[in-house]
Amino acid sequence: MKPKAHIVNLPVYQPGKPIEEVKKEYGLDEVIKLASNENPYGCSPKAKEAILAELNEASVYPDGAAAELSSELADFLGINSDQIIFGCGSDEVIALIARAFLQPGDETIMADQTFSVYKSNADIEGAVSIEVPLVDGTHDLNGMLAAVNDRTKIVWVCNPNNPTGTIVSESELVKFLDAVPSHVMVVLDEAYYEFVTDAAYPDSIKLMQKYPNLVVLRTFSKIYGLASLRIGYGLGEPEVVKLINQVREPFNTSRLAQAAAKAALQDQEFVANCRRLNAEGIAYLQQEFDRLGLSYFPAHGNFILVNVQRPGQEVFQSLLRQGVIVRPGFSRYPDCIRVSVGTPEQNRTFIGFLEKALGDVVAPV
Ligand SMILES: Cc1ncc(COP(=O)(O)O)c(C=O)c1O
């Protein structure tokens, strides 16, 4: 058997440690996972009801086109159904975009510390990733523009950026979109869109009307709390969406996921509540980091990248032993850990454990 040469040495994605594994390994009864930017409040009770009701239809294939959900989401967003493509998480939409638009030798531009799935899919397609350094943890849109050439197919802008949590503003984005050649697709990943409260954050749906090369990604995994059901979506021009649809598997989103997403969309009160609680959680964590003398990037999603002034891996290990899972290992920021915002109680526990971890792990002089 001979695989494609360019996939032979690709790494397998390494997810964070699951709670059960940590409990067993460290002999802990309680473990808090603040490592994957999940919603600590779960999902809307309406979504749970919809999932249970849909279980009766588990033996029947889903509607591959997710027509009902598409129509409801289109009404909600004020766009047309033919501008929406659903995926098995927005992860899959990223993969489908790469499959439809990237071929060996093409170039694709992204930040040097951003969501890893853009690069992994570019690698799978044999495309070349051009990684432009973040400036102060924020996308350098001028630097990204300067990297565009005739081979450039896609520019990925993660907004808020994972892991730094920073945003680019509407005025910065518009300046960038005005200058990017029309043959280049700009993918704006808004997985954390619903958490953002900053007025400078772009209105991407409005911008889509003006820039046909703009594709927006969103998901039901984060504020809607449906990460395990795997449903996210892409928004774009009908011609672009049609091309992405052509490389989609026939039944890529399940009946349960579609039913849950429809019900979740109806419960905007749940969303607003989670946004408010998340903002309060961020304010609390930032205030505690200030007290501990730790710097952090301005957080606009449901996570904070904090500089622990010691190797992040060691602080992560100390927190793990105490029963909190966070995320270390960002090559650009080795002294940082990314912590997801939890419930007030989880946040307090995390801060207590962090204080101990900072004592356990000696800071280099
Ligand atoms: C920036 C960003 N985009 C996309 C995703 C993928 O989310 P999902 O595939 O669950 O929709 C994530 C998940 O963590 C993310 O952080």
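**Ligand shell and selected residues**

User: Which helix gives the most to the shell around the ligand?

Analyst: Helix α4, residues 89-101, gives the most, with three residues. The term helix denotes a DSSP run of H or I of at least four residues, a strand being a run of E of at least two, and both are numbered from the N terminus. The model is predicted, with local features requiring pLDDT of at least 70 and side-chain atom pairs pLDDT 80 or more, whereas totals for chains, interfaces and linings use all residues. Residue numbers start from 1 along each chain as its sequence is written, and side-chain values use heavy atoms, leaving out hydrogens and water.

User: Which residues come nearest to the ligand, and how is the shell divided by class?

Analyst: There are 13 residues around the ligand, and S90, D189, Y192, T219 and S221 come nearest. To be near, a residue must have a heavy atom within 4 Å of the molecule or strand in question. By class, the shell holds four nonpolar, five polar and four charged residues. Here Ala, Val, Leu, Ile, Met, Phe, Trp, Tyr, Cys and Pro are nonpolar, Asp, Glu, Lys and Arg are charged, and the others, Gly among them, are polar.

User: What makes the pair formed by T219 and an oxygen atom of the ligand a polar contact?

Analyst: A polar contact is a pair of N or O atoms within 3.5 Å; within protein, one must be able to donate a hydrogen and the other to accept it, and residues adjacent in sequence count only if both atoms are side-chain atoms. An N or O atom in the side chain of T219 is 2.6 Å from an oxygen atom of the ligand, so the pair qualifies. A polar side-chain atom of Y192 lies 2.7 Å from a ligand oxygen, and one of K222 lies 2.9 Å from a ligand oxygen. The protein covers 93% of the 400 Å² of accessible area that the ligand has on its own. Such areas come from the Shrake-Rupley method with a 1.4 Å probe, and for residues only the protein chains shown count as cover.

User: Why is K222 called buried or exposed?

Analyst: Buried means under 20% relative accessible area, exposed over 50%, and partly exposed in between, with a 1.4 Å probe and protein chains only. K222 has 14% relative accessibility and therefore counts as buried. K222 is placed in the loop between β7 (214-219) and β8 (232-235). Its side chain reaches the backbone oxygen of S36 at 3.2 Å. Leaving aside neighbours within four places in sequence, K222 is in contact, meaning heavy atoms within 4.5 Å, with residues including S36, N37 and Y192.

User: What does the UniProt annotation covering K222 state?

Analyst: The unreviewed UniProt entry gives "modified residue: N6-(pyridoxal phosphate)lysine" for K222. UniProt positions follow the numbering used here, feature names are shortened, and annotations may be inferred rather than shown by experiment.

User: Why is L217 classed as buried or exposed?

Analyst: L217 has 0% relative accessibility, so L217 counts as buried. This residue lies in strand β7. Not counting residues up to four places away in sequence, L217 touches several residues, among them V93, I94 and I97.

User: Why is N121 classed as buried or exposed?

Analyst: At 9% relative accessibility, N121 counts as buried. N121 is placed in helix α5 (residues 117-125). Its side chain reaches the backbone oxygen of V117 at 3.0 Å. Apart from neighbours within four places in sequence, N121 is in contact with I94, A95 and A98.
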